[in-house]
Amino acid sequence: MATIRELARLCGVSPATVSRVFNNPEVVNAKTRTQVLRVARQIGYLPNESARTLATKKSFMVGLVWDTDHRRPGWRHPFFQEILVGLKTALSGRGYHLLMLATSGDTNEERTDDAFVRAVRRHNLDGVVMIDSGTWDPSLRRLAESGVPCVSLGRPVEGPRATYVTSDNVGGARLAVRHLHERGRRAIATITGPAHMRPGAERLRGYQDELARLGLPRRPEFVVEGDFYLSGGHAAMRRLLEADDRPDAVFVAGDEMAVGALVAIGEAGLKVPDDIEVAALVPPGLTTVAQDKDGFGTAAAEAVVSMINGADAPPPRILPATLVVRGSSTPLLSHSRPARGPGRASRPPSVSPLTR
């Protein structure tokens, strides 16, 4: 079995430098760190985790707190999956492992207010990352207030060593609505996320703020709540299409819902963007407001590791959203509204979503 001294000799560095690469990688320059890790893989060197923990008083484990209730589909949402990959990659590059903390909420014992605090202590975790999947019970607030280094993704938290990372949901929504307006659309509807979730509420606010700035009226019938999933977008779009006065563009608050909206538009015999324009965060073809999913993971890893190493809680990070224009939104030849009969529209709406 390869030793630390053998690895140090092959890399031309001291054993202390090798130790720092595995125990405090942030203090070693990137070139040296990369070389040591590459040679370690080649010769099969693995640090003694028990000795490492005793020497550093760290477990090099970060807990991931995510609502695992089997009755909720959050696990399957691709947005969360991409964030998870980015988080795991960023933590691995800093020498940390990710441990899932799962409490399903099916028993009273699991759902006590200090359930997550006890889990952190039981596993000797150095810090935690919390993903907001729509539920936020007292056990999560207690964890943020416990003094454990804690980073929340998507929802503000308060605590002595707690911070959060989120997207500019308001700004992203305003970008989408402004883009549709610039394309000549004036009857712009929205399919929102759930009102109780921060991204849904903020994207609705951005939509409303931009309508006001552009001098467009708020029309209650043009606001339909969705659920961030394909079926919710499909049902919401059908409601919009059944109205006597259809929109000529739709801002959808999530990419999966935008796909559902497109299906509903197609079922109605309409085309995007000729009839309805769609602006959303979805796969190619749709105009999207892109969120930095890798940036979520990297920012969370940087924040939690810095607090583990003794730094104060960093200020919250709000990651910018970027408009990506694709084929689902094209200019109208005229700013005039298309003629339409009762319950009919000669044009379907454009669709523009914001990723979730």
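Modeller: Let's start with the rule we'll lean on: two strands count as paired if DSSP finds at least two bridges between them. Keep in mind that this is a predicted model.

Biologist: Okay, so how many bridges join strand 1 and strand 2, and in which sense do they pair?

Modeller: The general idea is that strands of a sheet pair through backbone hydrogen bonds, either parallel or antiparallel. Here, strand 1 (residues 61-66) and strand 2 (residues 97-101) pair in the parallel sense, with five bridges. For one concrete contact, take Leu64: its bridge partner in strand 2 is Met100.

Biologist: And which residue in strand 3 is the bridge partner of Val62?

Modeller: That's Gly127. Strand 1 is joined to strand 3 by five bridges, and those two run parallel.

Biologist: Why is strand 1 described as largely enclosed by the rest of the structure?

Modeller: Look at burial, where the cut-off is under 20% relative accessible area. Five of the six residues in strand 1 are buried, so the rest of the structure largely encloses that strand.

Biologist: Let's move along. What does strand 4 pair with?

Modeller: Strand 3 (residues 127-131) runs parallel to strand 4 and is joined to it by four bridges; Ile131 sits opposite Leu153 of strand 4. Strand 4 is also joined to strand 5 (residues 162-167) by four bridges, again parallel. Leu153 faces Val165 in strand 5, and Ser152 has Tyr164 there as its bridge partner.

Biologist: Which way do the side chains of strand 4 point?

Modeller: In a regular strand, side chains alternate between the two faces of the sheet. In strand 4 (residues 150-153), Cys150 and Ser152 point one way, Val151 and Leu153 the other, and all of them are buried.

Biologist: In what order do the six strands form the open sheet?

Modeller: The order is 2-1-3-4-5-11, with parallel pairing. Strand 2 and strand 11 (317-319) are at the edges with a single partner strand each, so one side of each lacks a neighbour in the sheet. From one strand to the next, the twist averages 20 degrees.

Biologist: Last one, on cysteines: how many disulfides does the structure hold?

Modeller: A disulfide is a covalent bond between the sulfur atoms of two cysteines. This structure holds zero.

Biologist: Are Cys11 and Cys150 buried or exposed?

Modeller: Cys11 has 8% relative accessibility, so it counts as buried. Cys150 is buried too, with a relative accessible area of 0%.

Technical notes. Residues numbered from 1 in each chain as written. Predicted model: local features only at pLDDT ≥ 70, side-chain atom pairs only at ≥ 80, totals over all residues. Heavy atoms only, no water. Disulfide = S-S within 2.5 Å. Buried < 20%, exposed > 50% of the residue type's maximum accessible area, 1.4 Å probe, protein only. Axes fitted to C-alpha atoms, helices over the stretch in contact; angles between N-to-C directions.
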